[in-house]
Amino acid sequence: MQPFSIPVQITLQGSRRCQGRTAFPTSVKKNGDPPEVHRKLPSSAGEDRAMLLGFAMMGFSILMFFLLGTTILKPFMLSTRRKESNCTTIHTHITEDWLDCAFSCGMDCQGQGKYPCLQVFVNLTHSGQKALLHYNEEAVQINSKCFYTPKCHRDRNDLLNSALDIKEFFDHKNGTPFSCFYYPDGQSEDVILIKKYNHMVVFHCLFWPSLTLLGGALIVGMVRLTQCLSLQCGKYSTSVRDQ
C-alpha cells in the first residue's frame, strides 16, 4: 500500500498547468526564498505585429536611402561641380539627319520613329569660349550632340514644330545673356541650361526616408518600453502578493 500517492500526482499535475498558463517562468531557490522571475519580456499578437511593422519601416527606409542615393544624390553631387555663368546664343540649327528612337504603341506593340536634333551653340561670357548647350544633365547623358531628346512618337510634324519653337526662342535672344552652368575644369562642351537636381529635390530624398526610419524606430521603442513596464509590473505584483 502506497499512502499519499494520489495527492502527489494531483499536485504535480496542478503545478504543470500553472506553469503552462503563467507568462513568467519561475525557479524556486533551495534556501526557501521566494521564486525568482526570469527576465523574459511578455508579448501579445498585437505587439508582435507592431514590432514587425517597425522593423519593416526601418528596412524600407534603408532601401530608399540606397535607391535614392544612387539615382539622385550621386548625380546631384556631380552637378554641384558646375558653376553658374552667362551665355549668349551664337547660332542654332537642326541637323539634316534625324535620329532613331523607339516608342510604345500598345501592350505588345513597339514602334520605330525619328526625331530632329536641335543644336544650340552659345558663347560663355566669362571665357569667350564656344560651347554646345544642353537642356539639363539628363539630356547630356542621353544624347550629347543635341539640345534635348523629345518624347518619341509617330507624328514627325509635331516633333519638328516643337524643335522649331525652341529654335525660335533662342534666335530671339539676339545676344541677350542668360544663365547657364558649366564645368570650371575646361569641360565646357557640356554646358547646361538648368539643373535637374536642386536642393529641394535632395531635401525630399533625405527627409521622407529619415522620417520613415524615425517612425519605425519609435514604434519598436514604444513596444519594448511597454513590455519592460509590463515585466516590472508583474514582478511588483508578485512581490506584493508574497508579502
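Which backbone nitrogen lies 3.1 Å from a polar atom of the side chain of Asn-143? That of Lys-145 does, and the first view below starts from this spot. Please keep in mind throughout that this is a predicted model.

**View 1. Asn-143 and its surroundings in the loop between H3 and H4.**
Welcome to a loop residue with several partners. Asn-143 counts as buried, because its relative accessibility is 13%. Its side chain has a polar atom 3.1 Å from the backbone nitrogen of Lys-145. The side chain of Asn-143 also makes a polar contact of 3.2 Å with the side chain of Tyr-115. If we set aside neighbours within four places in sequence, the residues in contact with Asn-143 are Leu-99, Tyr-115, His-134 and Thr-149.

**View 2. The largest nonpolar core, a set of 16 residues.**
Leu-133, Phe-147 and Val-191 are the residues with the most contacts inside this core. Strands E6 (118-124), E7 (130-134) and E8 (178-182), together with helix H4 (156-171), each supply at least two of the core's residues. Strand E6 gives the most, with four residues. As general background, nonpolar side chains tend to be buried together in soluble globular proteins.

**View 3. Leu-133 and the residues it touches.**
Here we stay with one of the core residues that have the most contacts inside it. Neighbours within four places in sequence are left aside in this view. Leu-133 is then in contact with the valines Val-120, Val-122 and Val-191. Phe-147, Phe-170 and Phe-178 are in contact with Leu-133 as well, and Ile-192 and Leu-193 complete the list.

**View 4. The disulfide of Cys-87 and Cys-180, one of three in the structure.**
The sulfur atoms of this pair are 1.9 Å apart. The link is right-handed, with 75 degrees about the S-S bond. It ties together distant parts of the chain, as Cys-87 sits in strand E3 (residues 83-94) and Cys-180 in strand E8, 93 residues apart. Cys-87 and Cys-180 are both buried.

**View 5. The disulfide of Cys-101 and Cys-152.**
In this pair the sulfur atoms are 2.0 Å apart. The disulfide is right-handed, because the torsion about its S-S bond is about 60 degrees. Distant parts of the chain meet here too: Cys-101 belongs to strand E4 (residues 99-104), while Cys-152 lies in the loop between helix H3 (137-142) and H4, 51 residues apart. Cys-101 has a relative accessibility of 13%, so it counts as buried. Cys-152 counts as buried as well, with a relative accessibility of 12%.

**View 6. The disulfide of Cys-117 and Cys-146.**
The two sulfur atoms are 1.9 Å apart. With -115 degrees about the S-S bond, this link is left-handed. Cys-117 is found in the loop between strand E5 (110-115) and E6, and Cys-146 in the loop between H3 and H4, 29 residues apart, so the chain parts they link are distant. Both cysteines of the pair, Cys-117 and Cys-146, are buried.

**View 7. Helix H4 and its buried side.**
The 16 residues of H4 should span 22 Å at 1.5 Å a residue, and the end C-alpha atoms are indeed 22 Å apart, which agrees. Leu-159, Ala-163 and Phe-170 are the buried residues of H4. They lie on the same side of the helix, because they cover an arc of only 30 degrees around the axis. On the other side of H4, Asn-157 and Asp-165 are exposed. Strands E3, E5, E6, E7 and E8 are included in what covers the buried residues of H4.

**View 8. The start of H4.**
Look here for Asp-155 and Asn-157. A side-chain oxygen of Asp-155 comes to within 3.2 Å of the backbone nitrogen of Asn-157. Asn-157 is one of the exposed residues on the other side of H4 from the buried ones.

**View 9. Leu-63 in helix H2 (residues 45-79).**
Leu-63 has a relative accessible area of 45%, so it is partly exposed. Its C-alpha atom is separated by 8.8 Å from that of Pro-209, although the two residues are 146 apart along the chain.

**View 10. Two further cysteines, Cys-205 and Cys-228.**
Cys-205 counts as buried, because its relative accessibility is 8%. Cys-228 is partly exposed, with a relative accessible area of 35%.

Definitions and conventions
Residues are numbered from 1 along each chain as its sequence is written. This is a predicted model: local features need pLDDT of at least 70, side-chain atom pairs count only at pLDDT 80 or more; totals for chains, interfaces and linings use all residues. Side-chain values use heavy atoms; hydrogens and water are left out. A nonpolar core is a set of buried Ala, Val, Leu, Ile, Met, Phe, Trp, Tyr and Cys residues joined through side-chain atoms within 4.5 Å. Buried means under 20% relative accessible area, exposed over 50%, partly exposed in between (1.4 Å probe, protein chains only). Contact means heavy atoms within 4.5 Å. A disulfide is a pair of cysteine sulfur atoms within 2.5 Å. The expected span of a helix is 1.5 Å times one less than its number of residues. The arc is that of the directions from the helix axis to the C-beta atoms. A polar contact is a pair of N or O atoms within 3.5 Å; within protein, one must be able to donate a hydrogen and the other to accept it, and residues adjacent in sequence count only if both atoms are side-chain atoms.
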